[in-house]
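User: Please take a close look at one strand and the metal site it contributes to. I would like the strand's surroundings, its partners and the metal donors in one connected account.

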Amino acid sequence: MRKNARNLLLQGLAAVLLAGGTLGAVNVTGDEANASAKPVPHATHTPRIAAWPVLRTGSRGTDVLTVQHLLAARGHAVTADGTYGKKTAAAVSQFQKRAGLRVDGIVGAKTWAKLTALTVRSGARGHAVKAVQVQLDLKVDGVFGKNTASAVSQFQKRYGLRNDGIVGPKTWNALIGTSTPAKPKPATSATALARQLLGKRGITYATKHSKTVDPRSTAYRNIHDMAQGIGAATSTNSHVGFKRVQLDPRMLKALITLHDKHHYRLQISEFVGGSHSKNSRHYRGLSFDANFINGIHVGSGAPHKQVMKLCRDLGATEVLGPGNKGHNTHIHCAWK
Ligand SMILES: [Zn+2]
């Protein structure tokens, strides 16, 4: 769910950013903030129907697994491995053809609607049940027993859906689509936390670095890659070169807390990308840099001291900002 609000939001955001470089968040690598950078604008509303994620060749993660189980439920021979490869794309195309949809091998809203046009309830068995279990982080055994029923029911309650324990169109949409920011799905894994973060309208991500240029490692890409379950990329021209790193769940949780509980709006300028000092914790997924707080640039009147204190309260052991060398225009919070 959170993915949905987030997808819409982010797609919109991405469109805006692509459309005008001037709106783009100019990023700051660890140690050189760009004082003229503007914060990323926020989307202004949340869709009532969760936006379906768009999946295509190269996509990975829980939603891909879900598609694969749903295809299997309809008799397509696909391996449920969470990776959207050629075979999955071919099965999707075949399904689209049979369903009278445009055949493009990409799972968007229309294909999701047809794929999920089935009802699953207590006593059911098979691949469609697995699709539900994957979304709810349950044991994937394909048996809709008591555990699955209670998880579905709790989920429906939490999302304000009719609490009947039956997975029909609305529940499918809520399960797979992006969440509304007000009702995030509780998350424990880094992937789930990243997805949850993407539903937070007050947290935005730089789409550029200030000095380095690797577009695969911007804060924006880092958080999306985490949400896709593939890990955040470091920059080719950094000390560690290009590699995939997991963002630390404690850091992601802290960002969620700063937003939800303390109501700060932050722009993250770097996670693992950019160039930092040689043994920087950034390269291990333990740090974030933020260059805007509540829309104000750090060093130009932003309440950086308050946020730095909260970072420490939330477990960060390396917290830097204006007054510290190289940090006049951003804050740095790192966990151990
Ligand atoms: Zn930093």
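Analyst: What follows describes strand E5, its pairing partners and the zinc site. This is a predicted model, in which local features need pLDDT of at least 70, side-chain atom pairs count only at pLDDT 80 or more, and totals for chains, interfaces and linings use all residues. Residues are numbered from 1 along each chain as its sequence is written, and side-chain values use heavy atoms, with hydrogens and water left out.

Strand E5 covers residues 287-293. Strands (E, at least two residues) and helices (H or I, at least four) are DSSP runs, numbered from the N terminus. Seven of the seven residues of E5 are buried, so the strand is largely enclosed by the rest of the structure. Buried here means under 20% relative accessible area, exposed means over 50%, and partly exposed lies in between, with a 1.4 Å probe and protein chains only.

Two strands count as paired if DSSP finds at least two bridges between them. E5 pairs with strand E4 (residues 266-270) in the antiparallel sense over four bridges, and Glu270 has Asp289 of E5 as its bridge partner. Strand E8 (residues 331-334) also runs antiparallel to E5, joined to it by four bridges; here Asp289 stands opposite His332. With strand E6 (residues 296-297), E5 shares two antiparallel bridges, and Phe292 is partnered by His297 of E6. E5 and E6 form a hairpin with two residues between them, and Asn294 in the turn has a positive phi of about 55°.

Asp289 and His332 return at the zinc ion, whose protein donors are His282 (NE2), Asp289 (OD), Asp289 (OD) and His332 (ND1), lying 2.0 to 2.8 Å from it. Donors are N, O and S atoms within 2.8 Å of the metal (3.2 Å for Na, K and Ca); water is not among the atoms, so sites may look incomplete. The four donor atoms subtend angles of 51 to 154° around the zinc ion, which makes the arrangement irregular. Four donors would count as tetrahedral if all angles lay between 85 and 135 degrees; four count as square planar and six as octahedral if opposite donors are over 155 degrees apart and all others between 65 and 115, and anything else is irregular.

The donor residues follow the spacing H-x6-D-x42-H in sequence. Because Asp289 lies in E5 and His332 in E8, the pair ties together parts that are 43 residues apart in sequence. Both Asp289 and His332 are buried.
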